[in-house]
Each structure stands twice: as C-alpha cells, then as structure tokens.
Amino acid sequence: MKTYLFLICLLLSNTLLAQQPLSQSHKGSTYRYIYQVSANEALALYKTKLNKINQRHLHTLVDSFPGKNAIPPLADGNYILLQATGNRLRYDLITAGDLQLKLINNKRDLNVMLHDKTG
C-alpha cells in the first residue's frame with residue numbers, strides 16, 4: 001500500500017513540475033505570414049482602413065518568417081502582413097515596388113521623400 005501511495009505522489013509531483021505559469025507563456029504567434037492581394041483588393045482594404053479584412057483576402061500565402069526577423073524581399077505587388085499578438089490578429093497592408101515613400105519628421109513640416117530602388 002505504501003508503494004502505491006508513493007508512486008501516486010511521485011507521478012503527481014512530476015506533472016506539477018512540468019507545467020509553466022500561464023502568465024509567463026508566449027502570448028502571440030512566433031511567425032508572421034505574408035499573403036498577396038490584388039490591386040483591387042488592396043484599394044478596397046485601403047478605403048475601409050483595413051476594417052473589412054476577412055478570410056477571403058487571405059487566399060495566396062507567399063511566405064512565413066520568424067516574427068523577430070525583418071520582412072524578406074518581396075516581388076512587386078500588394079501584401080497583407082499577418083501576426084497574432086495577444087488575443088488580437090494584427091495585420092498591415094504593405095506595397096512592394098520600385099517607388100518607395102518615406103516620411104521625414106522634423107517636428108514642424110511634413111516632408112515626403114520619394115525615390116526608386118536605384119536612389
């Protein structure tokens with residue numbers, strides 16, 4: 001009888017030590033996903049400020065990469081960048097192409113810099 005009690009206590013203590021507190025666990029996806037969308041879909045999403053995004057926009061998976069890495073080089077086109085953060089789904093609409101736009105903040109004026117890949 002004592003050996004059975006000892007084995008039960010040993011098994012229970014092993015399972016208790018194997019657990020991790022939920023408050024210290026990872027709270028999001030470890031990967032980010034890139035989906036390609038058409039120009040018309042990108043325009044419709046832009047007009048709605050990305051409020052009407054749903055599963056039908058996620059039809060062409062292009063790539064996935066670890067969330068801490070930079071976005072890999074993409075072919076010209078429109079993409080949705082998708083990642084889970086906490087209990088929310090975070091998505092961004094990005095456009096890859098020859099023309100690049102950068103906003104420069106000098107605390108007074110709105111400066112916009114347009115350039116292509118050659119400079």
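This report describes the fold, the packing and some individual residues of one protein chain.

## Overall picture

The model is predicted. Its mean pLDDT is 82, and 88% of the residues reach 70 or more. Confidence varies by element: helix H1 (residues 2–17) has the lowest mean pLDDT of the elements, 67. Strand E1 has the highest, 93. Statements about H1 should be read with that value in mind.

The chain holds two helices and six strands. Their order along the sequence is α-β-α-β-β-β-β-β. The chain has 119 residues, and 18% of them count as buried. Its exposed surface is about 9900 Å², with 59% supplied by carbon and sulfur atoms. Among contacts with a separation of 6 or more, 52% join residues 24 or more positions apart.

## Helix H2 and its two sides

Helix H2 covers residues 39–47. Its buried residues are Glu41, Ala42 and Leu45. Viewed down the axis of H2, these buried residues fall within an arc of 100 degrees, so they line one face of the helix. The other side of H2 carries the exposed residues Ala39, Asn40, Tyr46 and Lys47.

What do the buried residues of H2 pack against? Their partners are three strands: E1 (31–37), E3 (77–85) and E4 (88–96).

After the helix comes Lys49, with a positive phi near 55 degrees. Leu50 also has a positive phi, about 65 degrees, although it is not a glycine. Leu50 belongs to the loop between H2 and E2. Its relative accessible area is 18%; the cut-off for buried is under 20%, so Leu50 counts as buried.

## Strand E3 and its neighbours

How many of the nine residues of E3 are buried? Seven are, so E3 is largely enclosed by the rest of the structure.

E3 pairs with E1 in the antiparallel sense, over five bridges. Within this pairing, Gln36 has Tyr79 of E3 as its bridge partner. E3 also runs antiparallel to E4, and nine bridges join the two. Here Leu81 stands opposite Asp92 of E4.

E3 and E4 form a hairpin, with two residues between the strands. Gly86 sits in the turn and has a positive phi of about 65 degrees.

## The salt bridge

The structure holds one salt bridge. It joins the side chains of Asp92 and Arg90, at 3.6 Å from N to O. Asp92 is also the residue opposite Leu81. Both members of the salt bridge are partly exposed: Asp92 has a relative accessibility of 29%, and Arg90 has a relative accessible area of 46%.

## Asp76, ahead of E3

Asp76 lies in the loop between strand E2 (60–66) and E3. Its relative accessibility is 46%, and it counts as partly exposed.

Which residues does Asp76 touch, leaving aside those up to four places away in sequence? They are Gln36, Ala96, Gly97, Asp98 and Lys117. Gln36 is the residue that has Tyr79 of E3 as its bridge partner. Asp98 is 22 residues from Asp76 in sequence, and their C-alpha atoms are 7.5 Å apart in space.

## Lys107, between E5 and E6

Lys107 is in the loop between strand E5 (100–105) and strand E6 (110–115). Phi of Lys107 is near 70 degrees, a positive value in a residue other than glycine. Is Lys107 buried or exposed? With a relative accessible area of 76%, Lys107 is exposed.

## Residues with positive phi

The table gathers the positive phi values named above.

| Residue | Phi | Place |
|---|---|---|
| Lys49 | near 55 degrees | after H2 |
| Leu50 | about 65 degrees | loop between H2 and E2 |
| Gly86 | about 65 degrees | turn of the E3 and E4 hairpin |
| Lys107 | near 70 degrees | loop between E5 and E6 |

Two of these residues can be set side by side by accessibility. Leu50 is buried at 18%, whereas Lys107 is exposed at 76%.

Terms used. Residues numbered from 1 in each chain as written. Predicted model: local features only at pLDDT ≥ 70, side-chain atom pairs only at ≥ 80, totals over all residues. Heavy atoms only, no water. Helix = DSSP H or I, 4+ residues; strand = E, 2+ residues; numbered from the N terminus. Buried < 20%, exposed > 50% of the residue type's maximum accessible area, 1.4 Å probe, protein only. Contact = heavy atoms within 4.5 Å. Areas by Shrake-Rupley, 256 points an atom, 1.4 Å probe, with all protein chains shown as cover. Arc of directions from axis to C-beta. pLDDT = per-residue confidence, 0-100. Pairing = 2+ DSSP bridges. Salt bridge = Lys/Arg side-chain N within 4 Å of Asp/Glu carboxyl O.
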